[in-house]
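Trainee: I should like to learn how to read strands, cores and enclosed spaces in a model. May we work through one together?

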Amino acid sequence: MEEFVVEGGYPLRGEVTPSGNKNAALPLLAACLLTEEPVVLRNVPQIRDVLAMRKLIESLGAQVEELDGNTWRITTRELTASHLDPDLCRRIRASILIAGPVLARSHGLRLPPPGGDVIGRRRLDTHIFALRALGAKISYDRVFDIEANQLHGADILLDEASVTATENAIMAAVLAKGETRIRNAASEPHVQEVCRFLNILGAKIEGIGSNTLHISGVSRLSGGEFTIGPDLLEVVSYIGAAVVTRGEIRIRDAGVEHLEMVGQVFHRLGVHWQVDGKDLIVPSDQELVIASDLDGAVPEVKTNVWPAFPTDLTSIAITVATQAVGSVLFHDWMFSGRMYFTDKLVGMGARIILCDPYRVLIQGRTQLYGEKLESPDIRAGMALVLAALAAKGTSKIRNISQIERGYERVDEKLRMLGAKIKREVE
């Protein structure tokens with residue numbers, strides 16, 4: 001098993017370019033199953049979750065050619081809705097995204113339960129509700145049996161603004177007969193990318209970026225080309241790495257148009273940055289003083305659906321908060337296991353009170369010290385890398401395959417910025 005060995009205390013300096021958005025790449029690969037014509041995807045991140053999704057679509061008949069390391073041509077002339085490998089499906093949560101496009105183009109499939117990060121219960125009920133509304137018959141006995149002779153348009157009110165359920169419903173609806181309206185739809189930037197991509201292929205989706213989507217079903221989709229946008233979670237991770245090391249970096253093509261709410265939250269932690277065209281500059285002169293609410297009340301950072309502060313950035317923001325002066329409460333009501341990684345920060349010297357599974361109180365600023373750590377999930381793993389970069393002494397982080405599920409060449413990019421991080425075999 002490989003591990004990262006990190007010597008902390010070195011400010012990051014230089015430039016970094018984020019990879020393509022993982023949360024866009026996964027549904028986009030699934031959406032390639034909707035057409036028999038070639039599709040070219042650019043800026044595909046070479047990360048473990050994306051490679052697992054590639055294997056899944058290849059098992060269904062897709063042919064994937066690498067035109068270069070990050071540009072793939074996907075052609076699915078014939079879709080073979082065979083039994084999917086349960087072990088492969090358990091690797092990633094996004095395996096559930098196979099359901100919508102396969103159902104739209106064939107009569108059904110058997111789908112093993114998806115896996116992914118262990119951060120608490122992650123409902124699949126919204127997927128089932130949406131696909132049933134479009135005409136699917138679904139049963140479950142440790143495996144999903146999904147079938148439909150003909151999908152038809154429907155008026156769907158999702159019981160929660162689930163990103164993947166929205167994407168599944170969209171992909172099923174674009175080839176369904178008639179009109180579909182999806183209300184309470186998720187509207188994250190990666191959901192918008194899926195809609196724009198499908199429209200390039202000939203779909204008719206309106207209301208992109210809102211929580212109500214209107215889809216007119218078409219009989220077939222054509223081929224096309226699409227460039228995946230930057231991974232905002234990676235962008236913010238590098239912002240955090242620069243801040244906790246008192247460094248100064250430029251992030252190229254940072255997707256700055258989507259960072260307004262993140263900027264508000266980080267500003268409350270005493271963090272600021274500058275925008276230069278498409279680039280984002282993190283200066284070294286960070287105040288890092290937590291802004292109290294009115295009357296000196298402890299501020300609360302609460303996650304919510306887009307455009308609010310995203311749950312996947314909670315771990316990064318918590319690590320940044322340990323290096324800011326003052327107190328702040330983080331509340332992530334979405335996942336019951338998100339906060340448990342904070343005991344590792346406490347072991348490094350952070351002052352953190354775990355109030356309950358959903359809330360932690362951070363009291364900063366504290367000196368962190370090198371420690372032996374283990375990555376529990378993608379985002380918490382990256383948060384521990386940030387903590388190690390800020391710490392005094394050397395840290396060892398095990399289970400780095402979790403981090404590499406979502407971050408491409410993370411150790412290489414950090415070394416280019418001056419970090420003392422190396423990869424070793426235990």
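Mentor: Let us begin with strand pairing: β3 and strand β13 (residues 224-227) run parallel and are joined by four bridges. Strands here are DSSP runs (E, at least two residues), helices likewise (H or I, at least four), numbered from the N terminus, and two strands pair if DSSP finds at least two bridges between them. This is a predicted model, in which local features need pLDDT of at least 70 and side-chain atom pairs count only at pLDDT 80 or more, while totals for chains, interfaces and linings use all residues. Residues are numbered from 1 along each chain as its sequence is written, and side-chain values use heavy atoms, with hydrogens and water left out.

Trainee: Which residue of β13 is the bridge partner of Val-40?

Mentor: Glu-225 is that partner. Strand β3 (residues 39-42) is also joined to strand β5 (residues 71-75), by three bridges and in antiparallel orientation; there, Val-39 stands opposite Ile-74.

Trainee: How does one read a nonpolar core, and which residues touch the most other members in the largest one?

Mentor: In soluble globular proteins, nonpolar side chains tend to be buried together. A core is a set of buried Ala, Val, Leu, Ile, Met, Phe, Trp, Tyr and Cys residues joined through side-chain atoms within 4.5 Å, where buried means under 20% relative accessible area (1.4 Å probe, protein chains only). In the largest core, of 78 residues, Leu-41, Ile-170, Val-174, Phe-197 and Leu-198 touch the most other members. Helix α1 (residues 22-31) gives the most to this core, with seven residues. A second, separate core has 70 residues, including Ile-239 and Phe-330.

Trainee: What is Phe-197 in contact with, leaving aside its neighbours within four places in sequence?

Mentor: Its partners (heavy atoms within 4.5 Å) include Leu-28, Val-39, Leu-41 and Phe-226.

Trainee: How is a cavity recognised, and which residues line the largest one?

Mentor: On a 1 Å grid over the protein atoms alone, a cavity is a set of points where a 1.4 Å probe fits but cannot get out; lining residues have an atom within 4 Å of a point. Grid points are joined across faces, edges and corners, and a volume is the space filled by probe spheres set on the points. The largest cavity has a volume of about 50 Å³. Its lining consists of Ile-96, Ala-99, His-127, Ile-128, Leu-131, Ile-138, Phe-144 and Ile-146. Helix α5 gives the most to that lining, with three residues.

Note on methods
Buried means under 20% relative accessible area, exposed over 50%, partly exposed in between (1.4 Å probe, protein chains only). On a 1 Å grid over the protein atoms alone, a cavity is a set of points where a 1.4 Å probe fits but cannot get out, and a pocket is an open set with protein on both sides within 12 Å along at least five of seven lines; lining residues have an atom within 4 Å of a point.
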